2 protein chains.
Amino acid sequence: MIETPYLLFLGDAPDMLAAKVAIGIRDWRPENAVGQLRLPGCGADLGLPEMTLAEAKAAGVKTVVIGVANRGGVISQEWKKVLVAALEEGFDLASGLHNLLREEADLRAVAEATGRKLHDVRVPSVKYPIADGKKRTGKRCLAVGTDCSVGKMYTAMAMEREMHAKGMKATFRATGQTGILITGDGVPLDAVIADFMAGSVEWLTPDNDPDHWDLIEGQGSLFHVSFSGVTMALIHGGQPDALILSHEPTRVHMRGLPEYTPPTLEALRDMVLPIARIANPACQVVGVSVNTQHMTEDAARAYLAKVETEMGLPATDPYRFGAEKLVAALAAI
Amino acid sequence: MIETPYLLFLGDAPDMLAAKVAIGIRDWRPENAVGQLRLPGCGADLGLPEMTLAEAKAAGVKTVVIGVANRGGVISQEWKKVLVAALEEGFDLASGLHNLLREEADLRAVAEATGRKLHDVRVPSVKYPIADGKKRTGKRCLAVGTDCSVGKMYTAMAMEREMHAKGMKATFRATGQTGILITGDGVPLDAVIADFMAGSVEWLTPDNDPDHWDLIEGQGSLFHVSFSGVTMALIHGGQPDALILSHEPTRVHMRGLPEYTPPTLEALRDMVLPIARIANPACQVVGVSVNTQHMTEDAARAYLAKVETEMGLPATDPYRFGAEKLVAALAAI
């Protein structure tokens with residue numbers, strides 16, 4: 001559990017693309033994003049108050065989050081000046097970088113001396129159980145994609161926001177590093193040992209109130225041969241009651257796999273439902289989430305209407321047009 | 001790669017059940033099983049020559065393999081006397097135990113001093129790539145089960161033996177600790193980090209001669225919610241040309257999951273084939289392997305005949321009745 005709120009460290013990020021994590025925190029947990037700290041030459045700007053470490057301290061910040069990708073896979077000396085000072089000021093550090101904070105001897109030494117925590121969210125910090133498949137109380141929803149990176153996390157985030165606005169009980173359950181940094185908690189599923197994948201998802205989504213929904217962050221795709229095993233473990237560990245099909249219609253091949261064509265929404269539905277019903281015979285596909293970022297608004301609306309007709313399911317781009325339809329579909333279960 | 005041949009250390013195993021690994025080596029790689037070493041009170045006997053370490057050395061043994069499960073999860077002092085002496089005699093050690101050889105300070109120190117290797121086959125020793133899904137040359141066969149522990153490894157082993165007897169090119173590819181100890185090489189798939197599972201299977205089954213078959217050791221089951229993600233990665237990383245359905249007809253519930261009923265062979269076929277065709281559109285289900293150990297011979301033969309009629313596929317218990325039918329089905333592809 002990462003202590004909130006955060007100061008978002010943007011370092012010398014060349015552009016906004018490099019600041020994906022920080023943008024996610026600002027968009028989905030604005031109450032956690034108190035300010036930003038940038039180094040000279042930083043090309044990213046979240047529009048948050050610029051803060052020194054002292055100002056962040058005065059504003060109640062608990063953790064400095066590295067909200068950007070670093071260059072060349074190393075934590076530079078320029079970054080370290082800030083990170084060491086942050087530890088000495090009494091902040092914890094949190095990072096989703098491949099090169100771990102804890103692997104930097106100086107950061108580790110200062111953290112120990114100051115009694116602060118280094119959160120490397122790429123690395124599991126829990127000894128997860130092997131899944132037992134027992135039915136849990138409460139309800140669970142999972143977005144499954146025709147491909148990786150089609151908007152599954154944003155779908156779950158948008159649904160959570162809409163459900164909270166409607167007074168429904170809902171919790172976003174992070175399964176990836178960005179989601180974990182945004183919410184401060186979760187399972188870094190892609191880094192879990194194979195035998196414990198499904199168990200880690202059970203652990204993440206325990207018994208809950210009968211009218212409570214876990215909105216589980218999806219990962220990978222059943223059709224993506226590099227990561228389909230991770231998706232499978234999410235489906236069987238999460239035992240979802242409701243599935244959302246997620247799609248990006250302009251994708252010409254599977255992400256990172258030029259030889260593989262993305263499946264249709266129908267093919268995804270037909271494959272995922274019998275798989276999901278092994279763990280939860282009551283599971284239903286309740287809606288479609290389309291990432292229309294590369295389409296004009298007219299084209300997006302026309303596409304969504306076509307999907308609704310063809311699939312007989314509510315379809316929306318929850319980021320662009322809101323998640324109401326998907327939430328209404330959940331409420332109807 | 002573990003150097004062969006082996007001396008099989010049976011320790012103080014209470015009975016043959018505890019000696020599963022050693023039995024597998026004796027049955028499937030008899031040329032590697034030069035002798036056995038037992039402690040007083042050992043209740044297991046493989047029928048191999050009893051050897052002291054000195055005799056094993058003279059017989060050309062390279063590695064002492066711990067062929068039994070240990071009691072209480074600790075490597076006892078009685079065992080260590082033998083293991084330390086083995087290192088000092090110049091043998092490597094190999095083990096599939098949960099408690100690792102390398103975690104024992106004394107064993108590690110003696111191994112370093114003597115320049116010998118400690119092989120803990122539960123732990124991956126390779127940095128596997130992320131799967132790229134590219135089509136590889138050569139052919140691959142994978143046994144997929146209605147449940148865990150239905151005989152998938154024995155099926156692949158029996159097929160390899162039969163194929164070698166027929167002069168066919170075939171290699172058993174181990175994906176579990178027993179298989180790795182038997183053959184001296186492989187991937188401990190259940191211990192691989194989630195993101196690299198499929199990549200480790202690609203690594204294990206690289207390009208090969210067009211008429212060469214990899215016989216990939218199966219793991220888990222698509223219908224076993226604890227481990228289905230591992231099975232999925234095997235299917236998509238292995239991109240099999242041929243699938244064998246493996247079944248144990250007397251099983252009343254999924255192994256370790258009392259709430260889950262094993263699927264029919266038809267249900268397994270219908271689920272696995274579209275999944276496998278994502279990675280290899282030419283994939284076919286070519287046969288059925290039935291574990292009939294809990295059936296009389298008459299009942300077994302009647303059951304196999306029924307399966308052949310209902311499924312339209314050759315069916316055998318490869319351990320009891322031979323693997324000829326399955327090999328003939330592969331040869332026909």
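**Aromatic pairs, a charge over a ring, and two packed helices**

Good morning; a search of the whole structure, which is a predicted model, turns up 10 aromatic pairs over all chains. Let me begin with one of them, the pair that Trp28(A) forms with Tyr319(A), where the ring centres are 6.2 Å apart and the planes make an angle of 50 degrees, so that the pair counts as tilted, since that class covers what is neither under 30 degrees nor over 60. If you look for these two residues along the chain, you will find Trp28(A) in helix H1 (residues 20–28) of chain A and Tyr319(A) in helix H11 (residues 318–321) of chain A, and therefore the pair ties together parts that are 291 residues apart in sequence. Ring pairs also bring in Tyr154(A), which is linked with Trp28(A) and Tyr319(A) into a cluster.

Turning to chain B, we find that Trp28(B) and Tyr319(B) form a tilted pair, with 6.2 Å from centre to centre and 50 degrees between the planes. Are these two residues of chain B buried or exposed? Trp28(B) is buried, with a relative accessible area of 7%, whereas Tyr319(B) is exposed, at 52%.

It helps to see the helix around that tryptophan, because H1(B) is mostly covered, with seven of its nine residues buried, each under the 20% limit. Among the buried ones are Val21(B), Ile23(B), Ile25(B) and Trp28(B). What, then, covers the buried residues of H1(B)? The cover includes strand S1 (6–11), strand S2 (33–38) and strand S3 (63–66), together with helix H5 (152–165), helix H6 (177–183) and H11 of chain B.

Rings can also be met by a charge, and in chain A the charged end of Lys57(A) sits over the ring of Phe91(A), 4.9 Å from the ring's centre. In chain B, the charged end of Lys57(B) sits over the ring of Phe91(B), again with 4.9 Å to the centre.

Finally, let me move on to two helices that pack together. Two packed helices are described by the angle between their axes and by the distance between those axes. For helix H3 (residues 77–89) of chain B and helix H4 (residues 105–114) of chain B, the angle is about 15 degrees and the axes lie 9 Å apart. H3(B) and H4(B) are therefore roughly parallel to each other, a term used for angles under 35 degrees, and their crossing is right-handed. In the contact between them, Lys80(B), Leu83(B), Val84(B), Leu87(B) and Glu88(B) from H3(B) meet Asp106(B), Leu107(B), Val110(B), Ala111(B) and Thr114(B) from H4(B).

Methods:
Residues are numbered from 1 along each chain as its sequence is written. Chains are lettered from A and ligands numbered from 1 in the order in which they are written. This is a predicted model: local features need pLDDT of at least 70, side-chain atom pairs count only at pLDDT 80 or more; totals for chains, interfaces and linings use all residues. Side-chain values use heavy atoms; hydrogens and water are left out. Rings of Phe, Tyr and Trp (its six-membered ring) pair if their centres lie within 6.5 Å; planes under 30 degrees apart count as stacked, over 60 as edge-to-face and the rest as tilted. Helices (H or I, at least four residues) and strands (E, at least two) are DSSP runs, numbered from the N terminus. Buried means under 20% relative accessible area, exposed over 50%, partly exposed in between (1.4 Å probe, protein chains only). A charge sits over a ring if NZ of Lys or CZ of Arg is within 6 Å of the ring centre and within 35 degrees of the ring normal. Axes are lines fitted to C-alpha atoms, for helices over the stretch in contact, and angles run from 0 to 180 degrees between N-to-C directions. Angles under 35 degrees count as roughly parallel, over 145 as roughly antiparallel, 65 to 115 as roughly perpendicular and the rest as oblique. A crossing is left-handed if the near helix is turned anticlockwise from the far one by less than a right angle, and right-handed if clockwise. Contact means heavy atoms within 4.5 Å.
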